[in-house]
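Please work through the exercises below with the structure at hand. Each task is followed by a stepwise solution.

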Amino acid sequence: MTATPSEAPPLDRARFFAEADHLGGRALVDGWTAHVDRWLAGLFEAAVAGGEETGGEETGGGLALVAVGGYGRGELCPASDLDVLLLHAGGRDAGEVATRLWYPMWDEGQKVGHAVRTVRDALALASEDLDTATSLLEVRHLAGDPALTAELGQRARAAWAKRGRRWLARLAESVEARHARAGEVAFHLEPDLKAGRGGLRDVHALGWAGHAHQVLLDDDPGPLDRAYELLLAARVALHRRTGRATDVLTLQEQDGVAADLGPDLGFDGADELMARVAAAGRAIAWRSDETWYRVRSGLAGPGWARSRRDRHLAPGVVLRDGEVHLAADADPAGDPALALVAAAEAAGRGTRIDRDSLARLAAAAVPFPEPWPDRARAALVDLLRAGHDAVPVIEALDQLGIWCRVLPEWETVRSRPQRNAYHRFTVDRHLCECAANAAGLVHRVDRPDLLVLGALLHDIGKGRPGDHTEVGIELVTVIGARLGLAPADVDTLVAMVRHHLLLPDVATRRDLADAATIAAVAAAVGDVSTLRLLDALTEADSLATGPAAWGRWKAGLVAELVDRTAEALGGRPATGDRPAPFPTDEHRALLAAGQPVVRGAGDTLTVVAPDRPGLFSRVAGVLALHGLGVLSADATASEGGPHGPMALEHVRVQPSRAEPVDWGRVTADLERALAGRLAVQSRLAERARTYARRHAPPTTPPRLLVDNQASATATVVEVHAADSIGLLYRITRALAELDLDIRSAKVQTLGDAVVDAFYVRGADSAKITDPAHLDEIERAVLHALTDG
């Protein structure tokens, strides 16, 4: 019996996915692709039969339904588009068949990329358009005349190979452009699994390049395939969870995708998922980069980066064709230091180690002796001092398994995600970037070797149970001895790990004009030489963390802290350039005048108003209404005046946008708030609803720390919490309700989290020492955080 259009088979999508609930990754992709293949073959048969029954000419011959692109590759994810061509041999109008074919596809809710073409038309378009050309490299027959499909595939591949040099150059350009748009799979908080650098599309591009020329080396396919399958499985799970054709693995979906994939792939939780994703992205990115480097060198011609003979660099290491090679008589198995020597030579020249030499080094698989010979330690320091040119060389060693032989402790931090907006890199890449940054700061320290080693190892304790600093201290004690460092140098490395957060934390959370603050830092650091190392490490670490971790404000605070601490330690102040102490003469004059003042300029706001609890919270609330963050605040008060006791608030703000602050609007609203004519709390709640951001819920609860040792005159209340609109307003309002006087505040934003420190005194202008009072402060602040 002949099929009619009304008998076009249904897709039965819901039934398929219900029955395939136990499948994931490649198995689901294969099953869904086969299911869609059968459905489209049935649609094609019904569409052709419909034309015959309505009196049209026989349309079965000379027509073919062809899958192209990802569908042609046999790789349909749950929400993938269906890219198909209806090929015809010419001499007939295939439009009616196409209409009967496309409409049932649309009726099923499928997104279809479709066209009706002859083989000649398809090839003509592919001759000019890269996307079309690559899609035709992966044609697959679905229904109709198989000869048409075969002709298109054969001629498309032949045309690609014939113009191979041209297509390879354009493909290389498109890969670079895509990377610039989509970022890195390994390091983005929310990676694009398909388009990102190290994503699925990079493997597709290598496959397309292979149709023009053999581009992969013998040891590339295995690692590429394993990495690809992991990313494909994540993409499949993402499609199933969202029901959308999305390739960006957002923070809010990572836990769910991890739960879906964990049982089959043997891991538990989003952290491990993202570590696997990062490792896969790095494996693809490195082999992709290596391949395109070889392609570009081939396109540049035989004279590119060529030298006539080997140039001796070090025992067993030569420079050849612009790359570092192991000499023919080199013995990696007998000289474990050779890997580091070759790496240092490559990084020092801004080049790479050639693949055959890397393979020889990887095959040696010999452990380092303990302690290391001087040559090995010197080579490691030389490698790190090469700066950012060392990062790709270390990555090459890591991809071949060599780097973890150099530092076995590296395995735990390798590809470990940090999963917050504050940190740009995985832990291991962060350490490499930190060391690279430190290499540019060695002129500021007495021991450049210890600076770069400390930078490389300061977070080595992450990924293990316990506090990462305490764990890192234990590890570095062992590593330093293994490297053959003198005991005093090991102690210095340990001090760098122990105190690597000391300067930034104190600078951004404590009052630097308080003698107790400086005395505590000086006691912890011990000497000026270590202080200089920590100063440089702080900058290198912050720069490697992310754009929000280092700026003019933080740099100035750290410089002031280092300057004051160096002076306390008996050293010469580093800069001597310190801000005027608060309150300044100008501030005293404003207070003495006893008149209300609300004045904003640049990045500072000065407020003089009657002294009363809640003044700072009103200021913070109005600033939040205008999208202004608070970096720091200081307060002082007078005993009397025409309007009674007056308070002065000096606030440094941080705009959320690049535009200058509209102080006219801000001060007008602040005057209304101070006069009790602006509903700050309700307006903030409305703004929070309007600008609600899409975030995963906080993974750690808010906490409050009280320090009565940091200052001789005030209690320090330090609040750690997830960032949100009006957070500072809610905290300071809670403090005001307990009649606490905020003398100064420091606010630090760490991606999606904040650390706010407040110097407070009670109504009697003294520290808060009563345990019951301190308990009430904690109760009030935590309630404000969780109920806001």
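The exercises concern a sheet with its packed helices, and then the internal cavities, of a predicted model.

**Exercise 1.** Determine the strand order of the open sheet and identify which strands stand at its edges.

*Solution.*
Step 1. The open sheet comprises eight strands, ordered β8-β9-β11-β10-β14-β15-β13-β12, with antiparallel pairing.
Step 2. β8 (597–601) and β12 (703–707) each have a single partner strand, so one side of each lacks a neighbour in the sheet and these two stand at the edges.
Step 3. From one strand to the next, the twist averages 15°.
Step 4. The edge strand β12 is joined to β13 (residues 715–722) by five bridges, and the two run antiparallel. Within this pairing, Arg703 has His720 of β13 as its bridge partner.

**Exercise 2.** State which strands helix α28 and helix α31 touch, and give the direction of each helix relative to a strand.

*Solution.*
Step 1. Helix α28 (residues 615–625) packs on the sheet through β9, β10, β11, β14 and β15, and its direction makes about 25° with that of β11.
Step 2. Helix α31 (residues 727–737) also packs on the sheet, touching β10, β13, β14 and β15; its direction makes about 25° with that of β15.

**Exercise 3.** Characterise the largest cavity by volume and lining.

*Solution.*
Step 1. Counting cavities of 30 Å³ or more gives four.
Step 2. The largest holds about 150 Å³ of space.
Step 3. Its lining has 18 residues, of which Phe187, His188, Leu189, Pro417 and Arg419 are the closest to the centre.
Step 4. By class, the lining residues of the largest cavity are 10 nonpolar, six polar and two charged.
Step 5. Helix α12 (residues 270–300) gives the most to this lining, with three residues.

Technical notes. Residues are numbered from 1 along each chain as its sequence is written. This is a predicted model: local features need pLDDT of at least 70, side-chain atom pairs count only at pLDDT 80 or more; totals for chains, interfaces and linings use all residues. Side-chain values use heavy atoms; hydrogens and water are left out. Two strands pair if DSSP finds at least two bridges between them. Helices (H or I, at least four residues) and strands (E, at least two) are DSSP runs, numbered from the N terminus. Axes are lines fitted to C-alpha atoms, for helices over the stretch in contact, and angles run from 0 to 180 degrees between N-to-C directions. Contact means heavy atoms within 4.5 Å. On a 1 Å grid over the protein atoms alone, a cavity is a set of points where a 1.4 Å probe fits but cannot get out, and a pocket is an open set with protein on both sides within 12 Å along at least five of seven lines; lining residues have an atom within 4 Å of a point. Grid points are joined across faces, edges and corners, and a volume is the space filled by probe spheres set on the points. Ala, Val, Leu, Ile, Met, Phe, Trp, Tyr, Cys and Pro count as nonpolar, Asp, Glu, Lys and Arg as charged, and the others, Gly among them, as polar.
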